[in-house]
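User: I'm new to reading protein models and would like a close look at how the nonpolar parts pack. Could you take me through it slowly?
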Amino acid sequence: MDVVSYLQDNLAEVTIIIGLIFLIVEIWVLGLSTIVLLALGLSTITTGVLVWVGILPATIVGVISGSGIGAGVLTAALWGPMKRMQKGESREFNIHSDLIGLVFELETAMDAHTPATVKYSGVSWKLVLGPAFKDVQLEAGDSVKVIAVDVGKFTVEPIR
């Protein structure tokens, strides 16, 4: 038996397996980061089931059309809810870190418009003043305390 006749004889099962492969790649490899493979996987599985029960014709054109139309409908239906899921509550800065409360002396002067840097634990961190200290000018040697941590950035406040 050649491959083409095997595919034609088992089109519904092959379509379901292809849909499962799309879902596995989407979930395990991409971590649900794209809606395309999710919609295509779900619609391909649905198309395979519809071919299996005889609602859709067991032809390549029927399977491709059913999967494509289903993916389009699912993408349109899931676009809004998935977009809302991605929009989490945004914070001004990270408030959970073991580095919060760290105190050190500035090596250079800084203000709200001129950030400084500090080398801590082998990383150069950009220092920015907290929002409550926009009008404060700090000099080299002044002590500051970390009040928030973000990627490569310490938000600090002066210790007086």
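Let's start with the largest nonpolar core: which of its 16 residues touch the most other members?

Analyst: Keep in mind that this is a predicted model. The residues you're after are Phe104, Met110, Leu127, Leu138, Val146, Phe154 and Val156, which touch the most other members of that 16-residue core. Where do core residues come from? Strands S2 (116–120), S3 (123–129), S4 (143–150) and S5 (153–158) are the elements that each give two or more residues to this core.

Zoom in on Phe104. If you skip its neighbours within four places in sequence, Phe104 is in contact with Val118, Leu127, Asp142, Ser143, Val144, Val146, Phe154 and Val156. Among these partners, Leu127, Val146, Phe154 and Val156 are also on the list of residues touching the most other core members. As background, nonpolar side chains tend to be buried together in soluble globular proteins.

Now for some loops. Ser121 sits in the loop between S2 and S3. Its relative accessibility is 65%, and exposed means over 50%, so Ser121 counts as exposed. Ser121 also has a positive phi of about 55°, although it isn't a glycine. Over in the loop between S3 and S4 you'll find Asp135, which counts as exposed too, at 79% relative accessibility. Try finding Ala112 from there: Asp135 and Ala112 are 23 residues apart in sequence, yet their C-alpha atoms are 6.9 Å apart in space.

There's also a second, separate core, this one of 5 residues, including Leu23, Ile35, Ile45 and Met82. Met82 is in helix H4 (residues 60–86). Its relative accessible area is 17%, and the cut-off for buried is under 20%, so Met82 counts as buried. Setting aside neighbours within four places in sequence, Met82 is in contact with Ile35 and Leu38. To get a feel for where the two cores lie, pick Met82 from this one and Met110 from the other: they're 28 residues apart in sequence and 42 Å apart in space, C-alpha to C-alpha.

Next, look at helices H2 (residues 11–29) and H3 (residues 35–52). Their axes come within 8 Å and cross at roughly 160°. Angles over 145 degrees count as roughly antiparallel, so that is what H2 is to H3. The crossing of these two helices is left-handed. Among the residues that meet are Thr15, Leu23 and Glu26 from H2, and Leu38, Thr44, Ile45 and Gly48 from H3. Sorted by class, this contact has 15 nonpolar, 5 polar and 2 charged residues.

Leu23 and Ile45 are in the second core as well, but the other kinds of residue deserve a look too. Take Thr15, which lies in helix H2. Thr15 is buried, with a relative accessible area of 3%. Not counting its neighbours within four places in sequence, Thr15 is in contact with Thr44, Gly48 and Val63.

Then there's Glu26, also placed in helix H2. Is Glu26 buried or exposed? Buried, with a relative accessible area of 0%. Beyond residues up to four places away in sequence, Glu26 touches Gly31, Leu32, Ser33, Thr34, Leu37 and Leu38. Leu38 is a good one to highlight on your screen, since you can follow it back to Met82, which is in contact with Leu38 as well.

Note on methods: Residues numbered from 1 in each chain as written. Predicted model: local features only at pLDDT ≥ 70, side-chain atom pairs only at ≥ 80, totals over all residues. Heavy atoms only, no water. Axes fitted to C-alpha atoms, helices over the stretch in contact; angles between N-to-C directions. Helix = DSSP H or I, 4+ residues; strand = E, 2+ residues; numbered from the N terminus. Parallel < 35°, antiparallel > 145°, perpendicular 65-115°, else oblique. Left-handed = near helix turned anticlockwise from the far one by under 90°. Contact = heavy atoms within 4.5 Å. Nonpolar A, V, L, I, M, F, W, Y, C, P; charged D, E, K, R; others polar. Core = buried A, V, L, I, M, F, W, Y, C linked by side-chain atoms within 4.5 Å. Buried < 20%, exposed > 50% of the residue type's maximum accessible area, 1.4 Å probe, protein only.
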